[in-house]
Amino acid sequence: MSYFSRLTDIVTCNLTQMLNSATDPRAAIAEIVTEMEEGLAGAQRSVNTANNSEQRLKREIDEHRQSVASWTTKAREQLTAGSELDARQSLMRKREVEDLIAGLEQQHKAAIATKQHLATMQRALEARLSEALRKREELGLGAEPVAQVASGRFQVPAATAVPDDRQHQIDAELEALKRELGT
């Protein structure tokens, strides 16, 4: 039985309610964890793809900016050589490349937004998986090995594991709480 049809189902699920309504909570949690791991692996692939797309667009924009500079230099040289018609054509090509850059910049902004959205979704999935692993331990199933996401970025060896990119934020927040409490 599949518990989740979409990744948003994982994020919005009520794990306690799902387990309470299951005929065999131990079997249910095992399947739920497996589905969450698969969903998280897919989310990681999506984040990687979005990141690659964003980086590719950035490189392409940078290359076209170099082309704009080249067309400007060429127009300047042609004008200096007395060829106004050739300089005009070079400036027209420069303008075409600038228009292309404007379109690519819009795509780049969209790629950044997509990457950020997918990364947020991935962190939410990681949080749900951590919750499911804690529930699994509560049911006495222990800490069975958890499949590692393809990139190796997120692996939960214990219910208290935290992704590396969040550790610094947690440490800073913990220090702020200690200062607030005077300890």
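Trainee: Which residues does Phe4 touch, not counting those up to four places away in sequence?

Mentor: Phe4 touches Asp9, Ile10, Cys13, Met18, Ile32, Glu35 and Met36. A contact here means heavy atoms within 4.5 Å. Heads-up: this is a predicted model, where local features need pLDDT of at least 70, side-chain atom pairs count only at pLDDT 80 or more, and totals for chains, interfaces and linings use all residues. Residues are numbered from 1 along each chain as its sequence is written, and side-chain values use heavy atoms, leaving out hydrogens and water.

Trainee: How many helices and strands are there in the protein?

Mentor: You'll find five helices and zero strands, and from the N terminus the elements go α-α-α-α-α. Both kinds are DSSP runs numbered from the N terminus: H or I over at least four residues for a helix, E over at least two for a strand.

Trainee: How do you know that the span of helix H3 agrees with its number of residues?

Mentor: Take 1.5 Å times one less than the number of residues. For the 56 residues of H3 (residues 25-80) that gives 82 Å, and the end C-alpha atoms sit 81 Å apart, so the two agree. After H3 comes Gly82, with a positive phi near 90°. Helix H4 (residues 84-138) passes too: its 55 residues should span 81 Å, and its ends are 80 Å apart. H4 is followed by Gly140, whose phi is also positive, near 80°.

Trainee: What makes a set of residues a nonpolar core?

Mentor: The members must be buried Ala, Val, Leu, Ile, Met, Phe, Trp, Tyr or Cys, joined through side-chain atoms within 4.5 Å. The largest one here has 19 residues, and Phe4, Leu15, Ile32 and Met36 have the most contacts inside it. Helix H2 (15-21), H3 and H4 each give two or more residues to this core, with the largest share, seven residues, coming from H3. Apart from it lies another core of eight residues, including Leu57, Val68, Trp71 and Ile101.

Trainee: Why is Lys94 called buried?

Mentor: Buried means under 20% relative accessible area, exposed means over 50%, and partly exposed is in between, using a 1.4 Å probe and protein chains only. Lys94 has 17%, so it counts as buried. Glu98 has 23%, so it is partly exposed. Over the whole protein, buried residues make up 32% of the 183 residues.

Trainee: What do Glu98 and Lys94 form, given that their closest N and O atoms are 3.3 Å apart?

Mentor: A salt bridge! The rule asks for a side-chain nitrogen of Lys or Arg within 4 Å of a carboxyl oxygen of Asp or Glu, so 3.3 Å qualifies. Glu98 and Lys94 are four residues apart in helix H4, about one turn. Glu96 and Arg93 also pair, at 3.6 Å from N to O, and being three residues apart in H4 they are separated by about one helical turn.

Trainee: Where in the chain do Glu105 and Arg65 lie?

Mentor: Their side chains meet in a salt bridge, 2.3 Å from N to O. The pair links distant parts of the chain, with Glu105 in H4 and Arg65 in H3, 40 residues apart. Glu105 has a relative accessible area of 28%, so it is partly exposed, and Arg65 is partly exposed as well, at 43%. Both belong to a salt-bridge network with Lys58 and Asp62. In total, the structure holds 11 salt bridges.
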